[in-house]
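Open the model in your viewer and keep the selection box handy. We will walk from one stop to the next, and at each one I will tell you what to pick and what is there.

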Amino acid sequence: MAKEKSNLVIVESPAKAKTISKYLGDGYKVTASMGHLRDLPKSKLGVDIEGGFIPDYQPVKSREATIEELRKAARGSAKVFLATDPDREGEAISWHLKELLKIPDEATYRVTFNEITKNTVRSSIENPRPIDEDLVNAQQARRILDRIVGYKVSPVLWKRIRRGLSAGRVQSVATRMVVDRENEIRDFVPEEYWLLNVDLMTQGKPALFTAAFYGTEKKKMELTSESEVNAVVEAVRKSPFSVRSVKRADRKRSPSPPFITSSLQQEASRRLGMTPRRAMSTAQQLYEGLDIKGEGSVGLITYMRTDSLRISDEAAGEAKDYITNTYGKEYYPDQPNKYKSKSNAQDAHEAIRPSSVNITPEQIKGSVTNDQYRLYRLIWGRFVASQMAAAVYDSVTVDAESAGYIFRANRMEKKFPGFTTVYEESSDDESNEKQAPLPDMTEGDPLDLKDVKQEQKFTQPPARYTEATLIRAMEETGIGRPSTYAPTISTIIDREYVVKEGKNLRPTPLGDTVTGFMVDSFADVVDLKFTARMEESLDSIEKGKDKWKDVLASYYENLKKSLDSAEAAPDAARIKVPDEVSDEVCDLCGRQLVVKSGRFGRFLACPGYPECSFTKPIVVEMPGKCPKCGLRILKRTSKNGHTYYACEKLKECGFITWDVPVADNCPECGQTMFKTSGRGSRKPFCINEGCPAFVPEDMRKYKKKPAAVAE
């Protein structure tokens, strides 16, 4: 009797294969394709534009062995389940697998998992579907569009600016956003304004509080000059103060919705210091499955590339049970919280949430890496909080009046913590300033003026983008989609169009120059509204409303006009990229050093090359002071690409370390504290051997490195 054939399940990664294999058991072989096995060729355009945008897909050269293994496994299987990620790219990978492995239609089954749990995996296998051609075509259109822009526009950049430059349909727009913000900062003209506060004392039971200038009874006023401030001060010094009104109210603060891709990347950046790429890589690991002690391989979160705020009824019910049992019935709202996705959301998947709310962060802590634990705790906390009751605050507003002017004092005090028991969202401009309590007052109470404080201020330019705020801006303007935010930002940094200074993104002279040329020569490519409309067209292809080749033809018609115009000026002068001049001078000839790029990144070099070939690493001033001499500590990069920290007068002082100086001083000796280098949250320690809080090297929880070699 012939042996019955088993079924083959193809996923993208070994971790995902391991988790799914555990749930399916005998009769199924689960294997990984390790991502794309077929793509456009790297050495040429690979798209027949004149023939109707026909792509020339080729097997990936380094993957022949994997392709042959999968082809052999597919031939020996009764059914082939294509279980790649549940998005456009995953759908296209499944389609490529079917074509490449020559799997017959009758043996092809497409399955997707929003979460990798036992019930979901088995249910999906029992309810397969055909490959969605509309999803595949949407991804083909995106891939071909990006290839055309990259391969047609980039050579123009090489000819006019510098070889090796690249243009991209989304990356060029993201670079432009950073450049535009920098131009806003450069062009910003500060405007003067004044803050005016008064310290007031109640009578009877004396208590001091501070109130800020608000305006008059009729309108709010802005103080824009010292003369305006002096006029108010002179008037209130001559007139008594009294309580004009006291307003009390209960204010509710509702929880934030569960994460979508963009909000997860923003919060991971603000709260955990993770780059978008690192956050998404860690989230992918949580989704695909990790070995949890006592449980085996478990998929911990739902799919992490999503723009939907939808939550399944089952997940909402599980959250309700957890909240009422853990915190009490009063912590669950009268009606379940519902969140509405944005109008342009694809809504293909649920919001990002834990696969089971009953798997708490503390349960997995000993089985996962620090990054995995911290990100899971963030996702778990945000989801649980999103299903909880609002926090309630006792809000008090006191208006004090003198000479017809109003001064206002506010105080909010938490009465019921609600969702804040579990999670509070951070912000980019958080203030640690705490509100002082207000004394008991009633309308008409007299007040004594104790002090007047006035301070001149000037309006500030808009802040530079951080990775988090750039993602938010891209989302708001419709540039890119959840799967493209992280790789786009990584690309513009890797291409050195943009650099990170601390958390801020700043365009380089190269980014400025390339963007200026793109705006002049390829306006549509870097036009925010045009790019957003193109994203909407890709969404329409996915929904079956538009034909993908028609969309490509329309886009290329505009692009070709720009290309023809650029090609019509073959003798146009090359555009010189200005040097990025530093504040440091050449040790040999005294010229101002400029920033150059090399194998290990950016470095400083003398502009007098070849007469003068002096170079040195870029240094960044760190917080704190040198523990040996009290001068600045600088971050340096060796010629081998290693980062170390040293005194600015290294040759005379000799202080050098691998450990990272932090802003905190030791509470015992007052010297700068340090932390071990590397990813994740690290506890600062004191390196002063004479201090009671000194932490020896063997207790700093790192493998000892050889001494850094100064350049």
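Select β9 (192–202) and β16 (446–458): these two strands pair in the antiparallel sense over eleven bridges. Strands, like helices, are DSSP runs numbered from the N terminus, with at least two residues (E) for a strand and at least four (H or I) for a helix; two strands pair if DSSP finds at least two bridges between them. Within this pair, put Leu-200 on display and you will find it opposite Leu-449 in β16.

A word on what you are looking at: this is a predicted model, in which local features need pLDDT of at least 70 and side-chain atom pairs count only at pLDDT 80 or more, while totals for chains, interfaces and linings use all residues. Residues are numbered from 1 along each chain as its sequence is written, and side-chain values use heavy atoms, with hydrogens and water left out.

**Around the barrel**

Now add β10 (208–216). It runs antiparallel to β9, joined by five bridges, and Val-198 has Ala-211 in β10 as its bridge partner. The two strands make a hairpin with five residues between them. Click on Gly-204 in that turn: its phi is positive, about 80 degrees.

Next comes β15 (405–416), which pairs with β10 over four bridges, again in the antiparallel sense. Here Ala-212 is bridged to Arg-408 in β15.

What do you get if you carry on through the remaining strands? Six strands close into a barrel in the order β9-β10-β15-β14-β11-β16, with antiparallel pairing. From one strand to the next the twist averages 35 degrees. Helix α7 packs on this sheet, touching β9, β10, β11, β14, β15 and β16, and its direction makes about 175 degrees with that of β16. Such angles run from 0 to 180 degrees between N-to-C directions, with axes being lines fitted to C-alpha atoms, for helices over the stretch in contact; contact means heavy atoms within 4.5 Å.

**The helix on the barrel**

Select α7, residues 226–238. Its 13 residues reach 19 Å from the first C-alpha to the last, close to the 18 Å expected at 1.5 Å a residue (1.5 Å times one less than the number of residues).

Which residues of α7 are buried? Show Val-229, Val-232, Val-233 and Val-236; buried means under 20% relative accessible area, exposed over 50%, and partly exposed in between, with a 1.4 Å probe and protein chains only. They sit on the same side of α7 because they cover an arc of only 100 degrees around the axis, taken from the directions from the helix axis to the C-beta atoms. An α-helix has 3.6 residues a turn, so residues three or four places apart point the same way. On the face turned away, look for the exposed residues Ser-227 and Lys-238.

**The open sheet**

Move to the four strands in the order β2-β1-β7-β8, an open sheet with parallel pairing. Its edge strands are β2 and β8 (108–110), each pairing on one side only. Neighbouring strands are turned by 25 degrees against each other on average, direction ignored.

Inside the sheet, β1 (7–11) and β7 (80–82) pair over three bridges, and Ile-10 stands opposite Leu-82 in β7. Add helix α2 (64–75), which packs on the sheet against β1, β2 and β7, its direction at about 150 degrees to that of β1. Then add helix α3 (88–101), which touches β1, β7 and β8 and makes about 170 degrees with the direction of β8.

**The nonpolar cores**

The largest nonpolar core has 73 residues, and those with the most contacts inside it are Leu-470, Met-518, Phe-522 and Leu-559. Such a core is a set of buried Ala, Val, Leu, Ile, Met, Phe, Trp, Tyr and Cys residues joined through side-chain atoms within 4.5 Å. Helix α5 (133–160) gives the most to this core, with ten residues. Apart from it lies another core of 60 residues, among them Ala-83, Leu-264, Tyr-332 and Val-357.

**Last stops: backbone details**

Zoom in on Tyr-609 and Pro-610, joined by a cis peptide bond with omega about 15 degrees. Pro-610 lies in the loop between β21 (601–605) and β22 (615–617). Finish at Met-34, in the loop between β2 (28–32) and β3 (38–39): its phi is positive, near 60 degrees, and the residue is partly exposed, with a relative accessible area of 47%.
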